[in-house]
Amino acid sequence: MELPSPLSLDKLIRFVELVTERPIQLCRRDDLLDVDMSGFWHEGEETNRLLHVGDRSEFAGEMNILHEISHVLLQHDPEPLSGEELAVVFPDLDPLKVLHGWRHTKLRTGIEAEAELLADHLYAQIRSGKREDEILGFGDVIG
């Protein structure tokens, strides 16, 4: 995949929308901290919803978004949410209608580490302003 260069969060979001053929809806949800979540990807029928905690800094909030975008780009399979998590994430939705979701917690599984590595790389590209020929491709990052 060829990322836009120079890269920005807005350009990355547009790129992911083109690749997945689904719009991305960002939703800041600081109440996710109540169930120890910093982000959540909900793959709806027509939209990828990225719920994220704004956290205490702009950097942390952007990293939460980049982490969830990384799950989308890496095409990670969603894992089920607990009833408590569902009640916080979707308080007005029947839990039986939540088909796909990916939660970003402090748990460091291999999949979470992979998404975090890609998020770190994307953040570095956004902040670096490097020319296109100086930016590593996905294969260089995730092997």
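# A tour around helix α2

Start with the whole chain: residues 24 or more positions apart account for 64% of its contacts with a separation of 6 or more, a contact being heavy atoms within 4.5 Å. The model is predicted: local features need pLDDT of at least 70, side-chain atom pairs count only at pLDDT 80 or more, and totals for chains, interfaces and linings use all residues. Residues are numbered from 1 along each chain as its sequence is written, and side-chain values use heavy atoms, with hydrogens and water left out.

**Stop 1: the whole chain**

Show the cartoon. You will find five helices and four strands. These are DSSP runs numbered from the N terminus: helices are H or I with at least four residues, strands are E with at least two. Read along the sequence, the pattern is α-β-β-β-α-α-β-α-α. Now colour by accessibility. Of the 143 residues, 46% count as buried. Buried means under 20% relative accessible area, exposed means over 50%, and partly exposed lies in between (1.4 Å probe, protein chains only).

**Stop 2: the N-terminal segment**

Select S5 and P6. A cis peptide bond joins them, with omega about -5°. P6 sits in the segment before α1.

**Stop 3: helix α2**

Select residues 58-73, which form α2. Of the 16 residues here, 14 are buried, so the helix is largely enclosed by the rest of the structure. Check its length next. At 1.5 Å a residue, α2 should span 22 Å, and its end C-alpha atoms are 22 Å apart, which agrees. The expected span is 1.5 Å times one less than the number of residues.

**Stop 4: α1 against α2**

Add residues 9-20, helix α1. The two helices pack at an angle of about 20°, with axes 11 Å apart. Axes are lines fitted to C-alpha atoms, for helices over the stretch in contact, and angles run from 0 to 180 degrees between N-to-C directions. The pair is therefore roughly parallel. Angles under 35 degrees count as roughly parallel, over 145 as roughly antiparallel, 65 to 115 as roughly perpendicular and the rest as oblique. α1 passes α2 in a left-handed crossing. A crossing is left-handed if the near helix is turned anticlockwise from the far one by less than a right angle, and right-handed if clockwise.

Show side chains at the contact. α1 contributes L9, L12, I13, F15, V16 and T20. From α2 come E62, I65, L66, I69, V72 and L73. These residues divide into 10 nonpolar, one polar and one charged. Ala, Val, Leu, Ile, Met, Phe, Trp, Tyr, Cys and Pro count as nonpolar, Asp, Glu, Lys and Arg as charged, and the others, Gly among them, as polar.

**Stop 5: V72**

Centre on V72 in α2. Is V72 buried or exposed? V72 is buried, with a relative accessible area of 7%. Leaving out residues up to four places away in sequence, V72 touches V16, T20, W41, N48 and L50. Set a distance from V72 to L50: the two are 22 residues apart in sequence, and 9.6 Å apart from C-alpha to C-alpha.

**Stop 6: H52**

Move to strand β3, residues 48-52, and pick H52. H52 is buried, at 9% relative accessible area. Its contacts, not counting residues up to four places away in sequence, include I65, N64 and G61. Also among them are C27, R28, R29 and L32, along with S38 and G39.

**Stop 7: α4 across α2**

Select residues 110-128, helix α4. Its 19 residues should span 27 Å at 1.5 Å a residue; the end C-alpha atoms are 27 Å apart, which agrees. Buried residues in α4 are E112, A115, L118, A119, H121, L122, Y123, Q125 and I126.

Bring α2 back. The axes of α2 and α4 come within 8 Å and cross at roughly 120°. The helices are therefore oblique to each other. This crossing is right-handed. On the α2 side, the contact includes F59, M63, H67 and S70. On the α4 side, I111, E116, D120 and R127 are among the participants. The contact residues divide into 11 nonpolar, three polar and five charged.

**Stop 8: two positive phi values**

Finish in the loops. E21 lies between α1 and β1 (24-28). Its phi is near 60°, a positive value in a residue other than glycine. At 73% relative accessibility, E21 counts as exposed. Then select Q75, which follows α2 and has a positive phi near 55°. Q75 belongs to the loop between α2 and α3 (83-89). Q75 is exposed, with a relative accessible area of 66%.
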